[in-house]
Structure formats: structure tokens, C-alpha cells
Amino acid sequence: MTTTGEYALTLTDDGDELHEAVVVRIDDDETRPIEELLQEDDPSEFATDVAFVFACPGETSEPVAMNIDEPGRYVAVCFIPVGTTPETPPEDFETLGPPHAMQGMVAEFEVS
Ligand SMILES: [Cu+2]
């Protein structure tokens, strides 16, 4: 449980692959569980972007401002495909694995 306010978001990548943290706010009229929402193609239909950070293996991102000004359901999620490293050429992204989110790199939190 978190309260509204201005936060600084950073991401430390302790792994071997690239990671990101996309923070979105789920619309108030959206009641489906996050597992179901992850199957959807267009998150803008039920969520609003709040903040985004990205980190390479062994690095910590620069802090970005994360303004949590409304109570509600929020989700932090990583959509980087499984197997993506700093050496992976962009044209290979389509042939990589499912998003890290499908392996559990997703966290929902409630703001009051
Ligand atoms: Cu990831």
C-alpha cells in the first residue's frame, strides 16, 4: 500500500538480460486481474502510463520522476523479451522469448 505523492523511480539490473519498469495506472472501471490484462494487445485501452525506466545488466537507471497523484490500482511491469541482452540486435527482438512479464516480472500495488 502506497500513498499519493511524487516519487523517484530507479531500476537496478542485477541480472544478465535487459530490464525495464513500465508503471501504469489501471482505469477505475477495469476490474479484470492483471494476469488477464497482460494478454491484451493495447494497454492504452485500460491503463495510463505513469513512468518508465530501463537498465542494462549490472547498472542502475537514472531516477525519473513518478507522479502518483490519484489513488487506484497501479502496475509495474517489464515487457523486455526473455533472452534480450545488450548484444541482441534490434532485428532479433521478434524471435526472442515472451515478455519477462509472463515469467512473473510484474507487480501490482494499490495507492490510497
Ligand atoms: Cu525484465
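Ala 47 is buried, because 21 other C-beta atoms lie within 10 Å of its own; a residue counts as buried if 20 or more other C-beta atoms lie within 10 Å, as exposed if 12 or fewer do, and as partly exposed in between, with C-beta atoms placed from the backbone. The exercises below start from this residue. The model is predicted, so that local features need pLDDT of at least 70 and side-chain atom pairs count only at pLDDT 80 or more, while totals for chains, interfaces and linings use all residues. Residues are numbered from 1 along each chain as its sequence is written.

**Exercise 1. Place Ala 47 in its element and state which residues it is in contact with.**

Step 1. Ala 47 belongs to strand β3, where strands (E, at least two residues) and helices (H or I, at least four) are DSSP runs numbered from the N terminus.

Step 2. Setting aside neighbours within four places in sequence, the contacts of Ala 47 are Val 24, Arg 25, Ile 26 and Asp 27; two residues are in contact if their C-beta atoms, placed from the backbone, lie within 7 Å.

Step 3. Between Ala 47 and Val 75, which are 28 residues apart along the chain, the C-alpha separation is 9.3 Å.

**Exercise 2. Decide whether Ile 26 and Asp 29 are buried, partly exposed or exposed.**

Step 1. Ile 26 lies in strand β2, residues 19-26, and it is partly exposed because 19 other C-beta atoms lie within 10 Å.

Step 2. Apart from residues up to four places away in sequence, Ile 26 touches Phe 46, Ala 47, Gly 72, Arg 73 and Val 75, and its C-alpha atom is 4.3 Å from that of Ala 47, although the two are 21 residues apart along the chain.

Step 3. Asp 29 sits in the loop between β2 and α1 (34-37), and because it has 6 C-beta neighbours inside 10 Å it counts as exposed.

Step 4. From Asp 29 to Phe 46 the C-alpha distance is 8.3 Å, with their positions 17 residues apart in sequence.

**Exercise 3. Work out the order of the strands in the open sheet and which strands stand at its edges.**

Step 1. Begin with β2, which pairs with β3 (residues 47-55) in the antiparallel sense over 8 bridges; two strands pair if DSSP finds at least two bridges between them. Within this pairing, Val 22 has Phe 52 as its bridge partner, and Val 24 has Asp 49.

Step 2. Strand β2 also pairs with β5 (residues 72-77), again in the antiparallel sense, over 5 bridges. Here Arg 25 stands opposite Tyr 74, and Val 22 stands opposite Val 77.

Step 3. Strands β5 and β6 run antiparallel and are joined by 6 bridges, with Ala 76 opposite Ala 107.

Step 4. Put together, 4 strands form an open sheet in the order β3-β2-β5-β6, with antiparallel pairing. Strands β3 and β6 (106-111) stand at the edges, each with a single partner strand, so one side of each is left without a neighbour in the sheet.

**Exercise 4. Describe the largest nonpolar core and the elements that contribute to it.**

Step 1. The largest nonpolar core has 13 residues, and those with the most contacts inside it are Ala 21, Val 22, Val 23, Val 24, Val 75, Ala 76 and Val 77; such a core is a set of buried Ala, Val, Leu, Ile, Met, Phe, Trp, Tyr and Cys residues joined through C-beta atoms within 7 Å.

Step 2. Two or more residues of this core come from each of β2, β3 and β5.

Step 3. For Val 22, residues up to four places away in sequence being left out, the residues touched are Phe 52, Val 77 and Phe 79.

**Exercise 5. Summarise the protein as a whole by its elements, its dimensions and its contacts.**

Step 1. The protein has 1 helix and 6 strands, which follow one another from the N terminus as β-β-α-β-β-β-β.

Step 2. The C-alpha trace spans about 40 × 30 × 20 Å along its principal axes.

Step 3. Buried residues make up 15% of the 112 residues, and of the contacts with a separation of 6 or more, 72% are between residues 24 or more positions apart.
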